[in-house]
Amino acid sequence: MESPDSAERSHLDLPLKPVQPSDEDCCGNGCVPCVFDIYDEEVKIWERECKRIRRKVKQNSGDALSQGPPLSTSEYRQFQILSVTEDTADTHLYRLALPEDVSLGITTGQHMLVRGYIDGEPVTRQYTPVSDVNTEGYFELLIKLYPQGKLSKLVRTWKVGRLIDIRGPLGNFCYKANQHSQVYMLAAGTGIAPMAQVIQTVLSNPDDETILRLVYACRTYRDIHLKQRLNEWAGYWNFSVLYALSKEDCKTRSTVYRYGDAIHFGRITASLLSTEIAGHSQRSKKFLICGSKPFEQDMVEMLNHAVSQNLEYFRF
Ligand SMILES: Cc1cc2nc3c(=O)[nH]c(=O)nc-3n(C[C@H](O)[C@H](O)[C@H](O)COP(=O)(O)OP(=O)(O)OC[C@H]3O[C@@H](n4cnc5c(N)ncnc54)[C@H](O)[C@@H]3O)c2cc1C
């Protein structure tokens with residue numbers, strides 16, 4: 001049998017090869033079986049175990065691929081939580097497992113339905129993965145926990161290893177590379193989720209020259225979601241972000257802001273949007289909007305004033 005190298009061994013969780021006895025381990029009295037006979041037997045058993053594990057892993061990944069996309073619109077399927085990470089004080093990032101080499105099978109901007117049972121009654125809510133749609137082996141949900149929220153109460157109890165019922169994908173957003181020279185994203189709070197997908201789709205495609213501008217409304221600097229990732233994305237030539245902080249106390253300045261962050265202290269206003277758009281008037285642009293219903297309505301109203309003709313927008 002081909003001996004597994006350490007990478008394969010740890011990847012497939014193969015058992016370690018039995019340790020060969022040294023000459024000193026043999027008493028030389030012709031024992032039956034001798035320590036070397038036992039070793040030979042152990043190696044054969046070990047080889048058979050490795051073969052069995054390899055075959056099982058191959059079969060499992062074959063099964064996963066042959067089953068098609070891991071999500072189904074017509075039935076709930078279970079996904080295991082791999083990790084839970086705090087993103088902001090009231091919002092966590094949940095990483096859920098996919099088979100190795102398999103991605104979620106959604107298109108950019110799509111979301112899914114999560115189901116939980118509260119006192120025996122099913123409760124379903126929609127969530128948008130924030131991981132790149134092409135990520136293999138896992139996907140991530142960014143979920144805000146509302147103090148009185150129904151599903152929030154259940155999500156608060158989610159721990160690593162738990163199986164979550166999910167169905168999807170849903171949503172009819174369609175992104176085409178280079179269709180618009182500029183895409184403006186107006187997001188509030190967890191409305192960053194579909195934007196995160198769009199950003200990663202654009203930035204991971206070197207042939208996509210779309211310029212992305214995110215105007216992100218949050219209460220304070222500490223409430224900005226996915227901040228580390230936004231910092232990384234801001235390193236790309238075609239992505240920039242303006243944080244509009246409605247409740248940040250800019251007078252006491254107790255928060256340390258990251259060098260280079262563009263911050264507007266206050267809400268997103270019509271004049272802020274007009275300034276944002278001015279200077280790029282000749283370019284073809286699209287607006288993507290995601291937040292609470294009142295936020296989205298406000299943005300559409302303001303854009304209607306700021307953009308004189310052919311306002312192209314999409315509300316997630
Ligand atoms: C397409 C889509 C994608 C989404 N993606 C995400 C995402 O990625 N991440 C995310 O965190 N959320 C997302 N959401 C929101 C999410 O689906 C839930 O609405 C949210 O998590 C709250 O669910 P809940 O059951 O915990 O709270 P709910 O019980 O639905 O209540 C939510 C909040 O509203 C308050 N509330 C409830 N009912 C009323 C009422 N009648 N009047 C006033 N206030 C009320 C509650 O007290 C609570 O504070 C998305 C929503 C949509 C439509």
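In the predicted model, a polar side-chain atom of Ser152 is placed 2.4 Å from an oxygen atom of the ligand. Two further polar contacts of the ligand involve the protein backbone. An oxygen atom of the ligand lies 2.7 Å from a polar backbone atom of Leu151, and a nitrogen atom of the ligand is found 2.7 Å from a polar backbone atom of Leu142. Taken alone, the ligand exposes 960 Å², of which the protein buries 58%.

The ligand occupies the largest pocket. Two or more residues of the surrounding shell are contributed by each of strand 4 (121–127), strand 5 (138–144) and helix 3 (150–155). In total, 16 residues surround the ligand, and the closest of these are Arg125, Gln126, Tyr127, Leu151 and Ser152. The composition of the shell by class is 6 nonpolar, 7 polar and 3 charged residues.

Two cis peptide bonds were examined in the backbone. The bond from Val32 to Pro33 is cis, with omega near -5°; Pro33 belongs to the loop that links helix 1 (6–12) and helix 2 (35–66). The bond from Gly168 to Pro169 is likewise cis, with omega near 0°, but Pro169 is located in strand 6 (residues 163–170).

Positive phi values were found at two residues other than glycine. Asp101 has a positive phi of about 65° and is situated in the loop between strand 2 (91–97) and strand 3 (111–118). The relative accessible area of Asp101 is 53%; because values over 50% count as exposed, Asp101 is classed as exposed. For Asn178, phi is near 65°, again positive in a residue that is not glycine. Asn178 lies in the loop between strand 6 and strand 7 (182–188). Its relative accessibility of 41% places Asn178 in the partly exposed class, since that class covers values between 20% and 50%.

A further exposed position was identified within a strand. Glu86 is part of strand 1 (residues 77–88), and with a relative accessible area of 57% Glu86 is exposed. Glu86 is separated from Trp233 by 147 residues in sequence, and the C-alpha atoms of Glu86 and Trp233 are 20 Å apart in space.

Technical notes
Residues numbered from 1 in each chain as written. Predicted model: local features only at pLDDT ≥ 70, side-chain atom pairs only at ≥ 80, totals over all residues. Heavy atoms only, no water. Near = heavy atom within 4 Å. Polar contact = N/O pair within 3.5 Å; in protein donor to acceptor, adjacent residues only side chain to side chain. Areas by Shrake-Rupley, 256 points an atom, 1.4 Å probe, with all protein chains shown as cover. 1 Å grid on protein atoms, 1.4 Å probe; cavity = no way out; pocket = protein on both sides within 12 Å on 5 of 7 lines; lining within 4 Å. Sits in = over half its atoms within 2 Å of the grid points. Helix = DSSP H or I, 4+ residues; strand = E, 2+ residues; numbered from the N terminus. Nonpolar A, V, L, I, M, F, W, Y, C, P; charged D, E, K, R; others polar. Buried < 20%, exposed > 50% of the residue type's maximum accessible area, 1.4 Å probe, protein only.
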